[in-house]
Amino acid sequence: MPPRIPEVLPQGIEVNTVLLDDRELVVAVADTAALRRKGLMHVEDLLDLDGMLFIFDDDNTGGFWMKNTLLSLDIAFFDADGAVVDRFVMDPCTANPCPKYSAAGPYRYALEMAAGTMALNPRLLTFQD
């Protein structure tokens, strides 16, 4: 049975399995500019998802923000080899403008999970075959 995903996510969004260290995670994949812009905005419950994986074609240095995001989230940034670059806890934003969370260096992937569900010191993100 396919995992239940929030109705506010785009119809047909790809869901995949990744490993964070030794932990298997079910994630929605944001691999286009439009999906990355929307992210987890307006999501009230992740249901069967562990989080959302943002995939970039090239190294990125842009920050993330929490505009219209209802859940507190953990975020970790990973380089092209899957090694952790940085990690933050992000809270929903009610200010204008919202604060940005920027990694300490270039990253290729970013993983968002409900706050408190990500390891405090993640090391490696790998993809299932």
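Let's start at a helix: H1 contributes the most to the lining of the largest pocket, giving 4 residues. Keep in mind that you're looking at a predicted model, so treat this as a tour of a computed structure.

What else helps to build that pocket wall? Along with helix H1 (33-38), strand S3 (51-60) and strand S6 (107-114) are the elements that give two or more residues to the lining of the largest pocket. The space in this pocket comes to about 320 Å³. There are 20 lining residues, and the closest to the pocket's centre are Arg-36, Arg-37, Phe-54, Phe-64 and Trp-65. Try finding those five in the 3D view. As for the chemistry of the lining, 10 of its residues are nonpolar, 5 are polar and 5 are charged.

Now step back to the chain that holds this pocket. How many helices and strands does the chain have? You'll find 1 helix and 7 strands. Follow the sequence from one end to the other and the pattern reads β-β-α-β-β-β-β-β, with two strands ahead of the helix and the others after the helix.

Those opening two strands are a good place to practise reading strand pairing. Strand S1 covers residues 15-20 and strand S2 covers residues 23-30. Do S1 and S2 run parallel or antiparallel? They run antiparallel, and 6 bridges join them. For one such pairing, look at Asn-16, whose bridge partner in S2 is Val-27. Together S1 and S2 make a hairpin, with 2 residues between the strands. In that turn sits Asp-21, which has a positive phi of about 55°.

S2 has another neighbour to meet. It is joined to S3 by 4 bridges, and here the two strands run parallel. Val-29 gives you a spot to check, since its bridge partner in S3 is Leu-53. S3 also takes us back to where we began, as one of the elements lining the largest pocket.

Finally, what about the chain as a whole? Its C-alpha trace spans about 40 × 35 × 25 Å along the principal axes. A compact globule of 129 residues would have a radius of gyration near 14 Å, and the chain has 14 Å, so the two agree. Of the 129 residues, 40% count as buried. The contacts tell you about the folding-up of the sequence too: take those between residues at least 6 apart in sequence, and 68% of them join residues at least 24 apart.

Terms used: Residues are numbered from 1 along each chain as its sequence is written. This is a predicted model: local features need pLDDT of at least 70, side-chain atom pairs count only at pLDDT 80 or more; totals for chains, interfaces and linings use all residues. Side-chain values use heavy atoms; hydrogens and water are left out. On a 1 Å grid over the protein atoms alone, a cavity is a set of points where a 1.4 Å probe fits but cannot get out, and a pocket is an open set with protein on both sides within 12 Å along at least five of seven lines; lining residues have an atom within 4 Å of a point. Grid points are joined across faces, edges and corners, and a volume is the space filled by probe spheres set on the points. Ala, Val, Leu, Ile, Met, Phe, Trp, Tyr, Cys and Pro count as nonpolar, Asp, Glu, Lys and Arg as charged, and the others, Gly among them, as polar. Two strands pair if DSSP finds at least two bridges between them. The radius of gyration is taken over C-alpha atoms; the globule rule is 2.2 Å times the number of residues to the power 0.38. Buried means under 20% relative accessible area, exposed over 50%, partly exposed in between (1.4 Å probe, protein chains only). Contact means heavy atoms within 4.5 Å.
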